[in-house]
Amino acid sequence: MTKRVAILISGGGSNMVRLVESMVGDHPARPCLVLSNVPDAGGLQKARDMGVPTAVVDHRAFKGDREGFEKALISEIDAYQPDIIALAGFMRILTPVFIDYYAGRMLNIHPSLLPKYRGLDTHARAIAAGDAEAGCSVHEVTAELDGGPILGQARVAIDADDTPDTLAARVLEQEHRLYPAVLRRFASDDRRRLDL
C-alpha cells in the first residue's frame, strides 16, 4: 500500500521539492501535504505548483503557547492521514508530546555528520573545529534534539578556503541526494543505514 507523506517546512523548501519530485513511478510513497509554520514561506507556492495540498499553522499566533501550537499542527496534519512526517527545514523545536504522537513515523534532515554539531551553525562549527569533512544526516526524530537513530549520511570534504556559505551549498547538494533515497527506503520499511 502506498504510504502518505506530510512534509513540514519553514522556508524555501528545496529539500521538500526534491522529496516531492522523487515520489513518482514505483516509489512506495506519495506526498499528501506540505505544511509550514511561516505563512509566506517560499516552499508553499512551490508545493502548490507541483499539485501538493498546503497548509499553514503560524506559530506566532500562539504567542509562546507551544502546546496549543502543536495541537493545531497535529489537527492539521492528521486531516491528511499521513503515514510519514518528513521535517525538511522546519525550524521549530518540537516537544516530546508531538514527537511521541508520531513516534517511529517522523524523519528529519540535519546539516552535519551527527552526532557532531547538533543544533544550529553547523558549517561554521565544523570549519572552526578544523574538521576535514562535513555532511548531512537523515535521522528518526526522537525527544533528544538531533539525536534519533541515523538512517543515512552523506559526506563532503571541507576545503581550506571554505566559508560557512560555500560549505553549506555543497552540503545542500548532498541533502538533495540523501533525503529522497532514505525516504524511499523508510517508506518500504527498510531502516538500514545508507551512506552516500
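This section describes the sheet of the model, the helices that pack on it, and a few residues with notable surroundings or backbone geometry. The model is a predicted one, and residue numbers follow the sequence of the chain from 1.

It is convenient to begin with the sheet. Its 8 strands form an open arrangement in the order β3-β2-β1-β4-β5-β6-β7-β8, and the pairing is mixed. The edges are taken by β3 (54-56) and β8 (194-195); each has a single partner strand, so one side of each lacks a neighbour in the sheet. Strands β4 and β5 run parallel and are joined by 3 bridges, and Leu87 has Asn108 of β5 as its bridge partner. Further along the order, β6 and β7 run antiparallel, with 7 bridges between them. Here Val138 is placed opposite Gly152 of β7. The pairing of β7 with β8 is parallel and extends over 2 bridges, with Gln153 matched to Asp195 in β8. As background to these pairings, strands of a sheet pair through backbone hydrogen bonds, in either a parallel or an antiparallel sense.

Attention now turns to the helices on the sheet. Helix α1 spans residues 14-22, and its buried residues are Asn15, Met16, Val17, Leu19, Val20 and Ser22. The cover over these buried residues includes the strands β1 (3-9), β2 (29-36), β4 (84-87) and β5 (106-110), along with the helices α2 (42-49) and α6 (164-187). Helix α6 lies across β1, β2, β4, β5, β6 (133-140), β7 (150-157) and β8, and runs at about 155° to β7.

The two helices α1 and α6 also meet each other. Two packed helices are described by the angle between their axes and the distance between those axes. For α1 and α6, the angle is about 40° and the axes are 9 Å apart. The pair is therefore oblique, and the crossing is right-handed. On the α1 side, the contact is made by Ser14, Asn15, Arg18, Leu19 and Ser22, while α6 contributes Leu172, Glu175, His176, Tyr179, Pro180 and Leu183. Sorted by class, the residues of this contact are 5 nonpolar, 4 polar and 2 charged. Asn15, Leu19 and Ser22 take part in the contact and also belong to the buried residues of α1. An α-helix has 3.6 residues a turn, so residues three or four places apart point the same way.

Two buried residues give a closer view of the surroundings of the sheet. Ala6 sits in strand β1 and counts as buried, because its relative accessible area is 0%. Setting aside residues up to four places away in sequence, Ala6 touches Cys32, Leu33, Ile77, Pro82, Ile84, Ile85 and Ala86. Ala6 and Thr54 are 48 residues apart along the chain, and their C-alpha atoms are separated by 9.6 Å. The second residue, Val141, belongs to the loop between β6 and β7. Although Val141 is in a loop, a relative accessible area of 12% makes Val141 buried. Its contacts, leaving aside neighbours within four places in sequence, are with Leu87, Ile99, Met106, Leu107 and Asn108. Of these, Leu87 and Asn108 are the bridge partners already met in the pairing of β4 with β5. From C-alpha to C-alpha, Val141 and Ile7 are 14 Å apart in space, with their positions 134 residues apart in sequence.

Finally, some details of the backbone deserve a look. Most residues other than glycine have a negative phi, and most peptide bonds are trans. Gln81 has a positive phi, near 50°, and is not a glycine. Gln81 is located in the loop between α3 (66-78) and β4, and its relative accessibility of 60% places Gln81 among exposed residues. Asp189, likewise not a glycine, has a positive phi of about 60°. Its position is in the loop between α6 and β8, where Asp189 is exposed at a relative accessible area of 59%. The peptide bond between Leu114 and Pro115 is cis, with omega of about 15°. Pro115 lies in the loop that runs between β5 and α5 (122-128).

How values were computed. This is a predicted model: local features need pLDDT of at least 70, side-chain atom pairs count only at pLDDT 80 or more; totals for chains, interfaces and linings use all residues. Side-chain values use heavy atoms; hydrogens and water are left out. Buried means under 20% relative accessible area, exposed over 50%, partly exposed in between (1.4 Å probe, protein chains only). Helices (H or I, at least four residues) and strands (E, at least two) are DSSP runs, numbered from the N terminus. Contact means heavy atoms within 4.5 Å. Two strands pair if DSSP finds at least two bridges between them. Axes are lines fitted to C-alpha atoms, for helices over the stretch in contact, and angles run from 0 to 180 degrees between N-to-C directions. Angles under 35 degrees count as roughly parallel, over 145 as roughly antiparallel, 65 to 115 as roughly perpendicular and the rest as oblique. A crossing is left-handed if the near helix is turned anticlockwise from the far one by less than a right angle, and right-handed if clockwise. Ala, Val, Leu, Ile, Met, Phe, Trp, Tyr, Cys and Pro count as nonpolar, Asp, Glu, Lys and Arg as charged, and the others, Gly among them, as polar.
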